[in-house]
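Here's a short walk through one protein chain, from its helices to its loops. Keep the picture open and hunt down each residue as it comes up.

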Amino acid sequence: MDTALYNKLCNILNQYGFNGTVEEIKPITVGHINDTFVVEYDVEGKKEKYLLQWINHNVFKKPVEVMENVVGVTEHIKKKVAEAGGDTEREVLTVFKTKTGKNYALAEDGG
């Protein structure tokens, strides 16, 4: 990964309140529309991994609204899994909020 992209992704990640230090950012190359990355943090010797997805705003013209829909569907599924006695931490996507409470982060260029 080139340095400019790495720095851009780190700037996005800094908008979240994740603990620890970014150890590695690896692209997942099997997608066709969005860019997805596995981000590994070192948190006091323990590894934590997150998925970071860059929504392709050329395909999805209103990415903020896409995220609103993702959150709405995720919350609905979480409620149904909880009602059925399931483990919402393991069975349902978790959308993390930024430090300012948004369900998405923007790059400096607006992407």
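Let's start with helix α1, which covers residues 3-13. Its buried residues are L9, C10, I12 and L13, where buried means under 20% relative accessible area, exposed means over 50% and partly exposed is anything in between, worked out with a 1.4 Å probe and protein chains only. Those buried residues sit on the same side of α1 because they cover an arc of only 155 degrees around the axis; the arc is taken from the directions that run from the helix axis to the C-beta atoms. Turn to the face pointing away from that buried side and you'll find the exposed residues T3 and A4. The cover over the buried residues of α1 includes β1, β2 and β3.

The N-terminal end of α1 has a cap, D2: one of its side-chain oxygens lies 3.2 Å from the backbone nitrogen of A4.

Before going on, keep in mind that this is a predicted model, in which local features need pLDDT of at least 70 and side-chain atom pairs count only at pLDDT 80 or more, while totals for chains, interfaces and linings use all residues. Residues are numbered from 1 along each chain as its sequence is written, and side-chain values use heavy atoms, with hydrogens and water left out.

**The whole chain**

Zoom out and you can count 3 helices and 3 strands, in the order α-β-β-β-α-α from the N terminus on. Helices (H or I, at least four residues) and strands (E, at least two) are DSSP runs, numbered from the N terminus. The C-alpha trace spans about 45 × 40 × 30 Å along its principal axes. The chain has 111 residues, and 26% of them count as buried. It exposes about 7800 Å², with carbon and sulfur atoms supplying 51% of that; such areas come from the Shrake-Rupley method with a 1.4 Å probe, and for residues only the protein chains shown count as cover.

What about contacts along the chain? Among those between residues at least 6 apart in sequence, 36% join residues at least 24 apart. Contact here means heavy atoms within 4.5 Å.

**Loops**

N34 is in the loop between β1 (21-28) and β2 (35-43). Is N34 buried or exposed? With 19% relative accessibility, N34 counts as buried. Its side chain reaches the backbone nitrogen of N56 at 2.7 Å. Setting aside neighbours within four places in sequence, N34 is in contact with Q53, W54, I55, N56 and F60.

One loop further on, between β2 and β3, comes E44. Its phi is positive, about 50 degrees, although E44 is not a glycine. Most residues other than glycine have a negative phi. E44 is exposed, with a relative accessible area of 85%.

V59 belongs to the loop between β3 and α2 (63-83). In sequence V59 and I33 are 26 residues apart, yet their C-alpha atoms are 7.5 Å apart in space.

**Inside α2 and after α3**

T74 is part of helix α2 and is buried, with a relative accessible area of 7%. A polar atom of its side chain lies 2.7 Å from the backbone oxygen of V70. Not counting residues up to four places away in sequence, T74 touches V92, L93 and V95.

Now follow the segment after α3 (88-91), where you'll meet E108. Along the chain E108 and I12 are 96 residues apart, but their C-alpha atoms are separated by 8.6 Å. The side chain of E108 makes a polar contact with the side chain of N11 at 3.0 Å. (A polar contact is a pair of N or O atoms within 3.5 Å; within protein, one must be able to donate a hydrogen and the other to accept it, and residues adjacent in sequence count only if both atoms are side-chain atoms.) Leaving out neighbours within four places in sequence, E108 is in contact with K8 and N11.

L106 is in the segment after α3 too. With the usual neighbours within four places left aside, L106 is in contact with I12, Q15 and G111.

Here are relative accessibilities for some residues from this tour:

| Residue | Relative accessibility | Class |
|---|---|---|
| V59 | 45% | partly exposed |
| L106 | 41% | partly exposed |
| E108 | 60% | exposed |
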